[in-house]
Amino acid sequence: MKHPFLMAVLTFCVFSQYTFSQESVENPEKYTSKNKGKFYIFWGGNRESYTKSDIHFKGADYDFTIYNVSAHDKPKGWHCDYFNPARMTVPQTNLRIGYFISNHYNISIGVDHMKYVMYNHRRVNYSGYYPNAGTYNENPANGQLTLDEDFLLFEHTDGLNYINSEISRVDDISNLFKLPNTDKFQINITEGVGGGFLYPKTNTTLLGKERHDDFNIAGYGISAKAGLNFTFFKHFFIQTELKGGYIEMNNIRTTKSSADSAEQHFWFLQRIVAVGGTFSI
């Protein structure tokens, strides 16, 4: 004869298992509810702003500094070059690949391909010495000169390449907008910090010397960011970011001579829009 208590326990266990299985079928766990173990990649474009910078140039026969130099970026605009494999490095772009080490945190490596162009035809303060002084529209009385191309052209346009790693946090805020199914549409916020090195190809025409036309490790940078991520159908997303940081470049190659170099430091602000995908292995 079966014990009544044992029968009750068995009945409860069977019923509970059935209920759990039924709920699992009716409410399966969403793909977007967990991130750990997922990879992602994104590609996009950016615009930049820079603070003013003092730039110090030195070589065998010159040593001078120009002060409070302004610069701008060099945007391509909406253009098919962003997706043309033969010309993808021409615009200002961002490439990043990352991995979620937990549901909220990911680590990544990427390249921020920015462009930095010094404004020419402006009066700036200067100090120091260089060949043919007095032929570049200087005014020794107030210590100013004009940044004509004959004196100096200074650009990191191929580009101001910030190769960096980041650690970022991601939080799902879909419930704030009462989104019914995050596997169809999800909104996340993300914040992160990073650091890396600068690998520019600097276009410099300096005092008529032959320019150095090659990539060079020129310094380091640190950065922080915040952004919004809009994920569609589990795997595809658009991400917008504001990213700011500090760049220290103490080894800029300027001419063919290894004796010639420049150094500068400044702060930057990027506005980024990127498209990407998330996947599991």
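Trainee: What does K225 form with E241, and how far apart are the closest N and O atoms?
Mentor: K225 and E241 form a salt bridge, with the closest N and O atoms 3.0 Å apart. Keep in mind that this is a predicted model.

Trainee: Okay, and where do K225 and E241 sit in the chain?
Mentor: K225 belongs to strand β12 and E241 to strand β13, 16 residues apart, and the pair links distant parts of the chain.

Trainee: Are K225 and E241 buried or exposed?
Mentor: Both K225 and E241 are buried. For K225, the relative accessibility is 8%, and buried means under 20%, so K225 makes the cut.

Trainee: Which other side chain meets K225 in a salt bridge?
Mentor: That would be E166, and the N to O distance there is 2.9 Å. This pair also links distant parts of the chain: E166 is in strand β9 (residues 152–172), K225 is in strand β12 (residues 219–232), and they are 59 residues apart.

Trainee: And E166, buried or exposed?
Mentor: Buried, with a relative accessible area of 5%.

Trainee: What about K243, who does its side chain meet?
Mentor: K243 meets D112 in a salt bridge, 2.6 Å from N to O. K243 lies in strand β13 (residues 236–253) and D112 in strand β6, so this salt bridge ties together parts that are 131 residues apart in sequence.

Trainee: Why does K243 count as buried?
Mentor: Because its relative accessibility is 1%. D112 is buried as well, with a relative accessible area of 2%.

Trainee: Which residues do the salt bridges that share partners join into one network?
Mentor: R96, D112, E166, K225, E241 and K243. You've already met K225 with its partners E166 and E241, plus the K243 and D112 pair.

Trainee: How many salt bridges does the count come to?
Mentor: The count comes to 13.

Trainee: Switching topic: which residues form a nonpolar patch on the surface?
Mentor: I41, L95, I97, I109, F279 and I281 form one, and together they have about 580 Å² of accessible area.

Trainee: Let's pick I109. Where is it found?
Mentor: I109 is in strand β6, which covers residues 105–118. D112 lies in strand β6 too.

Trainee: So why does I109 count as exposed?
Mentor: Because its relative accessibility is 53%, and exposed means over 50%. So strand β6 holds I109, which counts as exposed, and also D112, which is buried.

Definitions and conventions: Residues are numbered from 1 along each chain as its sequence is written. This is a predicted model: local features need pLDDT of at least 70, side-chain atom pairs count only at pLDDT 80 or more; totals for chains, interfaces and linings use all residues. Side-chain values use heavy atoms; hydrogens and water are left out. Patches are made of residues with over 30% relative accessible area and no salt bridge: like charges are joined within 9 Å, nonpolar side chains (Val, Leu, Ile, Met, Phe, Trp, Tyr) within 5 Å. Accessible areas come from the Shrake-Rupley method with a 1.4 Å probe; for residues, only the protein chains shown count as cover. A salt bridge is a side-chain nitrogen of Lys or Arg within 4 Å of a carboxyl oxygen of Asp or Glu. Helices (H or I, at least four residues) and strands (E, at least two) are DSSP runs, numbered from the N terminus. Buried means under 20% relative accessible area, exposed over 50%, partly exposed in between (1.4 Å probe, protein chains only).
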